[in-house]
Amino acid sequence: MSDIKEIKKQYLKSYELFENRLNGERFSSINSLRKEALNKFSDLSFPTVKDEEWKYTSIAPLLEHNFVPSLDKKTLTKDHVKNFLFENLESNIVVVINGHFSQELTSLNKIPKGVEISSFAKAISTNSPWVEKHFSKYTDFSNHIFTSLSTAFTKDGVLIHIPEGKIVEQPVHILFITSSENEKFLIQPRNLFVAEKNSQATIIEHFVNINSGVYFTNTVTEIVVGENAIIDHLRLQEESKSAFHIGRMDIDLERTANFTSHFISLGASLTRNDFNAKFNDEGGECTLNGLFLTDGNQHFDVHTLIDHAKPHCNSHEHYKGILNDASRGVFNGKVIVQPDAQKTNAFQENNNIILSKEALVNTKPQLEIFADDVKCSHGATIGQLDNDAMFYLKSRGIGEENARAILIHAFASDVIKSVKVKPVRNYIEEILADKFNQPEESI
Amino acid sequence: MLEIKNLHANIDGKKILKGINLKINAGEIHAIMGPNGSGKSTLAQVLAGREEYEVTKGEIIYEGKNLLEMPPEDRAREGVFLAFQYPVEIPGVSSTNLLKTALNEIRKHRGLEQVDAMEFLTLIKEKTKLVELDQQLLSRSVNEGFSGGEKKRNEIFQMAVLEPKLAILDETDSGLDIDALRIVAKGVNTLKSKENAVIVVTHYQRLLDYLIPDFVHVLYNGKIVKSGGKKLAFELEEKGYDWIKEDKNELVIN
């Protein structure tokens, strides 16, 4: 236990360094929040498997390292960025390096007048009204130690504000690039996306790395989907295989707001994700889909919460996991239908395929319904590749590897197909093909 | 083409095949008949290479090669085709994708060039006509939501595309109405040549009205107990299998 205390001390100590760098910002309006969050961080204990919410995910491996905040900006070139772009996708590119917004590498092609896509640090220093109005309003840090850590260290990230009626045609592709050598960085991008009434945008959060080893990404994104606004959100997690990724996303849905999210998780040795969506008015629509692929000793955990606080809202959730080797997966999906939320439709499904004897999945779909006129369903499956289907494919001359690849692809296909941005869909298909379709030995 | 010698096979420790001997030459159609549970489907599955069946004794020589040593995909690439009694539904995999992959793997094995998209489409079009299969079914997931008749026709369609040397039809006629039965038989007859052979596993004589066998074998209790020409099938239809069973029992007693 003393080790863990020591680790906490290190984080608290690094806050002093962080604070010294704040300069004038120290007096900004959010600094009191930082302080409050820091106190919370100091009070809270790191979760153990005795905590219900962390029952199947031990963060002990994370606490073995002494991560230091990445305080200095790092520069990269356009060539570095090019490698991470999707083929045939015209997009607005936003680059964040080690948690710092890079103005040089950010290129916004086609955004309507009035739309703001900028550095979160800049938004803080210029007293952005959006930060004032929305920051930390949807993400409660009081019971989540990593959220309190993020909030305490709030410095940079991405702010997107789409004014009423504006439509951003090209997707906003945000690259969170980690570039570290031997430093064990703590990287904490903090993001806020606000879509006002009748606006529309596609936002891609893409976590990548350049030859980086052990580092810790702790990211929080708050999303406000205003009345009748439409947000198509994608998150691709391609961190280094030795990295730690803790991601949180809180979504506020207003009247007849429409939010769709696809989470594709591939990297990191340990990843924990908390996605919370709340219907704060009637008629909203929310889709949370995800696909995770794990191998080696990777550990994946997603906890989702969809809060039907108001009537006439629809939610759809579909997560699929493909686990190989000794990897582990955790799905915990909670749907709450509050007493007022009549005429709710809530559907949730989690399917997992285990490709090896050592892989393990813990899945826990939870429905809590307090209204009586609702349609809800949930289900979870864990299985292996279908032997009959394997034999059928082989009996047609298709080799073992190809047959496996075909079946794995088929398993993932419904989640992939629901990704609306075609170049991203193609990219995911390619990843699957590369991963499971090793070229046969030439004869 | 195919020689089965004293074949014994088990599943889950249960003896199913108890010494099958069978010789098939190119250009021949063999019908294998017999009551339920006699081992007909097991024989078909063992030929295709289903791993769940354990061959405990005997050998299968196919085109001079030891078939039992080949994994199922190699058997298919060498020209063995099984039309499944219960075709498997594979959600998320289109028939077109399955067939194109299969065809190209088989061609690669035989040292032939891959077919391009255009050639493949032409081939598919031609072969769907043969079994009167709605081409739209091909863009759907394999066998998913197909009617029983469509599933069986789809098997024959796959056979038509892959052009096997040895086709094994495992109760392809079961559950088919007379029109579908004619279509299936027509398909097989069109594909039939001097270079290939067909094993028709069936319970009924019905299909054999359209698909004339050169030999009929009766399988009972894991052994071929009677072989003959086409007439044997009629005899079976008339008398049922009981007389075979009685014969067999007498043999055992004696």
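Here a colleague asks about a predicted model and a modeller answers.

Colleague: How are the residues numbered, and what pLDDT do local features need?
Modeller: Residues count from 1 along each chain as its sequence is written, while chains are lettered from A and ligands numbered from 1 in the order in which they are written. In this predicted model side-chain atom pairs count only at pLDDT 80 or more, totals for chains, interfaces and linings use all residues, and local features need pLDDT of at least 70.

Colleague: Into which domains is chain A divided?
Modeller: The bounds come from an automatic or database domain assignment. Domain 1 spans 2–281 and domain 2 spans 386–443. So the names are domain 1 and domain 2.

Colleague: Which strands give two or more residues to the side of domain 1 of chain A that touches domain 2 of chain A?
Modeller: Contact here means C-beta atoms, placed from the backbone, within 7 Å. Domain 1 of chain A puts in 12 residues and domain 2 of chain A eight residues. Strands are DSSP runs of E, at least two residues, and helices are runs of H or I, at least four, numbered from the N terminus. The strands are E9 (200–210), E11 (230–237) and E13 (258–265) of chain A.

Colleague: Which are the edge strands of the open sheet in chain A?
Modeller: Strands pair if DSSP finds at least two bridges between them. The sheet has 10 strands, in the order E3-E2-E6-E9-E11-E13-E15-E17-E19-E21 (chain A), with mixed pairing. Each edge strand pairs on one side only: strand E3 (100–107) and strand E21 (375–383) of chain A.

Colleague: What is the bridge partner of A:Asn345 in E21(A)?
Modeller: Strand E19 (residues 345–354) of chain A runs parallel to E21(A). Nine bridges join them. The partner of A:Asn345 is A:Lys375.

Colleague: What angle does H9(A) make with E17(A)?
Modeller: H9(A) packs on the sheet and touches strand E15 (285–294), strand E17 (314–323) and E19 of chain A. Axes are lines fitted to C-alpha atoms, for helices over the stretch in contact, and angles run from 0 to 180 degrees between N-to-C directions. The angle with E17(A) is about 155°.

Colleague: Why does the largest nonpolar core lie between two domains of chain A?
Modeller: A nonpolar core is a set of buried Ala, Val, Leu, Ile, Met, Phe, Trp, Tyr and Cys residues joined through C-beta atoms within 7 Å. This core has 162 residues, and A:Val96, A:Leu175, A:Val225 and B:Ile168 have the most contacts inside it. H9(A) gives the most, with 10 residues. The core lies between the domains because both give residues to it: domain 1 (2–281) and domain 2 (386–443) of chain A.

Colleague: Is B:Asn143 buried or exposed?
Modeller: B:Asn143 sits in the loop between strand E8 (141–142) and helix H5 (148–162) of chain B. Its phi is near 60°, positive in a residue other than glycine. Buried means 20 or more other C-beta atoms within 10 Å, exposed 12 or fewer, and partly exposed in between, with C-beta atoms placed from the backbone. With 23 C-beta neighbours inside 10 Å, B:Asn143 is buried.

Colleague: How many residues does chain B bring to the contact with chain A?
Modeller: Chain A gives 17 residues. Helix H8 (387–394) and helix H9 (400–417) of chain A each supply at least two of these. Chain B gives 20 residues.

Notes. Two residues are in contact if their C-beta atoms, placed from the backbone, lie within 7 Å.
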